[in-house]
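Thanks for coming. I will talk through the ligand site first and then one residue in a loop.

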Amino acid sequence: MLEKIQETANYIKQKVSEIPAYAIILGTGLGELAAEITDQETIPYENIPNFPVSTVEGHSGKLIFGKLGSKRVIAMQGRFHFYEGYDMKQVTFPVRVFKALGVEYLFVSNAAGGMNGSFDVGDIMLIDDHINLFPEHPLRGKNFNELGTRFPDMSEAYNKELRLLAMDIAKEKNIKLQHGVYVGTQGPTFETPAEYNYFRIIGGDAVGMSTVPEVIVANHAKMKVLAFSIITDLGVIGKIVEVTHEEVQEAAKIAQPKMAEIIRTVVERI
Ligand code: HPA
């Protein structure tokens with residue numbers, strides 16, 4: 001595992017001119033934030049040793065190096081989902097590599113269903129915290145002390161300073177920003193009404209099929225995390241309708257410029 005991470009990091013280092021301190025994982029329908037990155041150098045996943053290859057529609061699969069505003073970033077266009085069949089070590093491998101490259105900040109985005117009755121489709125939710133309902137834990141198995149401690153603290157998995165900064169920026173720019181708890185599930189089914197209700201009862205505001213594994217591994221590695229969900233459909237009793245992947249992508253696409261503006265400004269001010 002350690003050798004693989006190093007091998008991949010070394011490959012990336014000799015491919016790009018400069019390694020940034022910030023990494024961004026772009027979720028479903030949110031790949032267009034990549035278009036705002038200037039001076040791009042890209043590496044397709046299939047060229048990167050030890051990287052799994054992304055398969056799901058709406059995820060194109062490359063690392064993009066370049067500038068977001070005035071800061072250099074790495075963006076992952078296309079992530080690896082547990083439901084695709086990857087194991088949790090594969091899903092979170094890129095985060096390990098980012099850390100080995102010296103990245104200290106991880107920004108994560110996803111599309112999610114909203115259970116909070118005050119949410120609307122197209123809202124952006126700042127993730128305050130999460131509930132991990134994945135059936136496999138990314139840190140299960142031998143712990144490598146070089147990567148982090150055996151029993152990592154998760155009392156502030158989403159960095160408070162970054163969250164406050166994001167809220168300030170949203171206010172300043174008149175962007176409506178919700179916040180709440182993200183429930184991470186394996187998918188690939190969307191929820192039944194009873195499941196949405198259950199996730200609401202246990203304390204969730206939104207539910208999705210990603211993010212939690214990467215955030216856990218980033219915390220294990222002591223990276224600072226900021227994450228956003230775009231609410232693409234509602235799991236609110238009385239408002240539940242049929243949902244398709246295409247509608248999720250469409251709703252995410254509409255909201256993404258606002259989320260991009262928040263992320264760009266946060267990175268600018270760190
Ligand atoms: N449930 C799970 N994942 C999702 C949803 C949802 O309603 N919307 C977008 N991703």
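Around the ligand, counting residues with a heavy atom within 4 Å of it, the shell includes Ala-111, Ala-112, Gly-113, Phe-190, Glu-191, Tyr-196, Val-207, Gly-208, Met-209, Thr-232, Asp-233 and Val-248. This is a predicted model: local features need pLDDT of at least 70, side-chain atom pairs count only at pLDDT 80 or more, and totals for chains, interfaces and linings use all residues. Residues are numbered from 1 along each chain as its sequence is written, and side-chain values use heavy atoms, with hydrogens and water left out.

Now the polar atoms, N or O pairs within 3.5 Å; within protein, one must be able to donate a hydrogen and the other to accept it, and residues adjacent in sequence count only if both atoms are side-chain atoms. Glu-191 has a side-chain N or O atom 2.6 Å from a ligand nitrogen. A backbone N or O atom of Gly-113 is 3.3 Å from a nitrogen of the ligand. For Asp-233, a polar side-chain atom lies 2.6 Å from a ligand oxygen.

Strands here are DSSP runs of E, at least two residues, numbered from the N terminus. Strand 5, strand 8 (206-208) and strand 9 (224-234) each give two or more residues to the shell around the ligand. Strand 5 gives the most, three residues.

On to the loop. Asn-116 is in the loop between strand 5 (105-114) and strand 6 (124-132). Is Asn-116 buried or exposed? Asn-116 counts as buried because its relative accessible area is 13%, and buried means under 20%, with exposed over 50% and partly exposed in between (1.4 Å probe, protein chains only). Its side chain makes polar contacts with the side chains of Ser-118, at 2.8 Å, and Asp-205, at 2.9 Å.

Key
Helix = DSSP H or I, 4+ residues; strand = E, 2+ residues; numbered from the N terminus.
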